[in-house]
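Please open the structure in your viewer and keep the sequence panel visible. The tour begins with the whole chain and then moves to a single residue.

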Amino acid sequence: MEQAPQGDCMCGIAGHAAFGGRKLPEETEQTLSRMLRTLSLRGPDDNAMIVDHSVAMGFSRLAIVDLPSGRQPFVSEDGSVVLTVNGEIYNHRELAKGLPQDTTWRSKSDCEVLLHLYHHRGLEFLEGVRGMFALTLWDRRRARLLLARDYFGIKPLFYHRDRERLVYGSEIKALLQDPRCPRTIAWEDALADRALTWEPLLVTRRPQTWFTGVDAVRPGTILDFNLKTADLTEHAFWRFPPPSGHGETGASDAEIVRHYGDILRSSVTDCLMADVEIGLMLSGGVDSASLAALATSTAGDAGPAMHTFTVLNGTTTVNGDAEHAHHHASRLGLPNHQVLFERDRIPSGQEWKNLLWLQETPLCGPEQFYKYELYRYVRSVRPGLKVMLLGQGSDEFNGGYSADMAGDDGWEGFIAELTGMSRRTALASAPELSLWWETTDKPLLRDTALPAFSPPVDSYAAFITMKYHDIERYNCWHEDRSASGHGIEARVPFLDPRLVELTAAIPPQRRARLLWDKRILRDAMRDVLPDPIRKRPKVPFILGHGGGHSRAVFAQMLTSSNGELLDEALATPAAAHLLHADGLRAALKQLRDVPSSHMVDRVLRLINLGLLATMAADPPDLIIANGPRAPRAYSVTEWSAQRTDIESVTLGRHSPDDTVLAFAENVLLLRDDKDSDISYLAIDGTVEYMIREQDAPAWSRLLREIDGRTTLSGVMSAADAEHADILDLLSQALEEGILVTTP
């Protein structure tokens with residue numbers, strides 16, 4: 001039975017397959033309809049189902065290329081092959097030229113080319129394909145069902161199988177509509193996962209999905225299910241190329257940089273392929289700034305200027321992201337929407353659960369909230385915008401984390417830190433030996449004394465492999481859900497396999513020159529970006545410098561309504577058995593006192609796990625995760641003239657220069673007798689903060705000048721401090737009651 005497209009808004013891929021010639025149950029069509037309904041936010045343009053004896057395939061479409069006729073599923077001329085594809089094939093025209101001239105095309109959709117490639121190439125049909133995609137292909141003659149996913153897992157595809165059947169879908173919540181799919185969290189694996197604990201370990205094993213019995217199709221892989229025997233065979237059409245650790249290239253550094261720039265420009269051009277409006281998420285860093293400049297030069301005067309969107313909250317005010325995004329967009333002549341999040345914008349408990357269910361990962365946090373709400377704003381003001389360019393993937397493969405991890409020790413310090421991560425990974429398997437490394441300034445044993453320690457031949461290669469898994473399970477995962485939750489497709493030009501293959505081939509002896517602090521990208525953009533943007537240091541989004549403002553928002557969410565979210569997180573027997581209720585309640589009490597604490601991150605992830613377990617046990621109906629009020633844009637014409645007002649709106653209380661600063665009555669500043677560069681803040685007789693002058697010199701000096709009589713301007717003058725140096729910490733100290741002001 002074939003069902004014609006209907007008017008309901010459904011999206012994504014979903015389906016069932018029975019093994020061994022079995023007939024699908026009669027309720028399969030109803031189950032598939034429920035699965036598609038859970039995916040309806042992914043795109044509202046078209047949907048269809050095919051239900052046969054042993055295979056049922058469902059698809060709904062977000063139309064971006066060939067709007068009138070690019071309907072799916074695609075069916076071969078003889079009816080033997082059925083294909084559904086979620087994504088875009090950027091080089092479809094090039095691939096089509098390699099097919100026989102008598103190929104019959106039924107649409108102008110970029111994805112149809114895969115159907116014909118399979119007909120001519122078989123299982124090699126994805127080699128050389130460039131794009132982002134998740135697909136299912138049913139070969140009726142060979143009784144074969146293929147599931148496949150792009151190089152980095154940009155597009156999601158999950159499955160659950162037993163001896164008799166297979167169920168698959170674009171999101172896990174779709175699988176949970178099937179009554180035979182487990183509805184539990186894989187607690188043991190989840191609690192020990194490096195992504196959840198944030199332990200500095202060098203772990204390269206394949207990531208898990210958080211849910212029992214649910215697997216993700218591996219990136220760059222075709223899963224070949226034999227419908228007669230239920231056998232599964234994996235075919236890799238691409239594998240992440242970990243740096244080889246040896247060898248030399250004939251190209252000079254300048255030639256490598258130039259080649260990188262050429263590929264990036266080509267990738268941006270690919271990502272501009274659409275018959276709908278495209279926007280750009282502009283953070284103010286070199287990654288998104290590069291995309292903005294390249295997209296603008298590529299598009300030229302072909303159409304209206306691309307709209308850009310920036311999160312404006314306390315964190316992005318303090319770290320300068322919002323200001324730099326405004327200046328860069330103005331320079332390029334691009335409209336920039338500064339999407340405002342005032343300090344009182346706290347997600348409600350129900351709002352958070354809705355977003356968490358959309359994201360279906362315990363790693364959901366402040367970044368996901370602000371990005372989701374930014375997309376919500378986009379849909380309200382640019383309803384025709386269906387594609388958003390993002391800068392994801394640049395940090396991971398261009399050396400973006402090297403400077404932060406190395407401190408002041410350069411590339412060698414970065415490599416030493418990676419070796420230390422490998423050592424800590426080994427110590428986790430031999431905790432009885434840890435004191436020989438951790439109780440003295442320098443280790444008392446060599447690493448060779450660790451039975452489990454096998455230092456990687458190339459620690460950088462191991463680190464990049466780990467980041468490749470992070471891209472799949474964190475970056476691509478949440479970017480897909482945040483965008484598709486509003487019927488928008490996220491595109492990531494930096495995740496072009498040609499770029500990653502190029503950086504992976506850089507020999508070890510040249511990495512310090514090309515990969516330290518994203519040097520290859522910064523040099524490639526020498527004639528594209530002005531130096532203030534091109535050389536601007538990396539600033540982590542939301543939870544880096546100034547992240548205390550975002551954490552305080554979520555501390556308030558967790559502690560509101562007497563910790564209602566925690567109570568719900570403890571509702572399942574497994575959660576009540578594994579999560580320490582008293583310990584978590586004590587942590588919430590501490591967050592009430594110190595809301596900007598990093599403890600927010602850890603507590604939130606555990607509560608997320610419990611909430612997901614509760615919702616998975618009884619999957620909720622599809623809920624649009626809209627808050628009580630839509631975000632609005634803050635109109636910026638001249639940043640310097642509006643700076644005071646921007647800081648007031650995003651940071652709240654701001655101390656004028658003519659007020660007097662004093663420590664609260666229960667706060668005492670202590671100096672270290674042995675080290676004059678270290679100070680401590682004691683609150684109610686307990687030391688709560690240690691301040692190192694080398695970490696925050698202006699702030700450390702300013703605290704020592706506060707006497708309860710001198711104005712802020714006088715204290716700043718004595719401490720030789722500028723507003724930009726102390727604004728973030730001053731705002732936090734005032735908000736937490738550590739400092740008080742008087743006229």
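What does the accessible surface of the chain come to, and what percentage of it belongs to carbon and sulfur atoms? The surface comes to about 30,600 Å², and 49% of it belongs to carbon and sulfur atoms. Please bear in mind that this is a predicted model.

**The whole chain**

Select the chain and display it as a cartoon. Its secondary structure comprises 30 helices and 24 strands. The radius of gyration is 27 Å, close to the 27 Å that the globule rule gives for 743 residues, so the chain is as compact as a globular protein of that length. Reduce the display to the C-alpha trace, which spans about 85 × 60 × 60 Å along its principal axes.

Next, consider the interior: 58% of the 743 residues count as buried. Among contacts with a separation of 6 or more, 73% are between residues 24 or more positions apart.

Now colour the charged residues. The chain has 78 positive and 102 negative charges, and their mean positions are 4 Å apart.

**Thr209**

Select Thr209, in the loop between helix 6 (194-197) and strand 11 (215-216). Is Thr209 buried or exposed? Its relative accessible area is 6%, so Thr209 is buried, the cut-off for this being under 20%.

Show the side chain of Thr209 together with Val214. A polar atom of that side chain lies 2.8 Å from the backbone oxygen of Val214.

Finally, add the other residues that Thr209 touches. Leaving aside residues up to four places away in sequence, Thr209 touches Phe158, Ile172, Val214, Asp215, Ala216 and Trp477.

Definitions and conventions:
Residues are numbered from 1 along each chain as its sequence is written. This is a predicted model: local features need pLDDT of at least 70, side-chain atom pairs count only at pLDDT 80 or more; totals for chains, interfaces and linings use all residues. Side-chain values use heavy atoms; hydrogens and water are left out. Helices (H or I, at least four residues) and strands (E, at least two) are DSSP runs, numbered from the N terminus. Buried means under 20% relative accessible area, exposed over 50%, partly exposed in between (1.4 Å probe, protein chains only). A polar contact is a pair of N or O atoms within 3.5 Å; within protein, one must be able to donate a hydrogen and the other to accept it, and residues adjacent in sequence count only if both atoms are side-chain atoms. Contact means heavy atoms within 4.5 Å. The radius of gyration is taken over C-alpha atoms; the globule rule is 2.2 Å times the number of residues to the power 0.38. Accessible areas come from the Shrake-Rupley method with a 1.4 Å probe; for residues, only the protein chains shown count as cover. Lys and Arg count as positive and Asp and Glu as negative; His and the chain ends are not counted. The place of a charge is taken as NZ of Lys, CZ of Arg, CG of Asp or CD of Glu.
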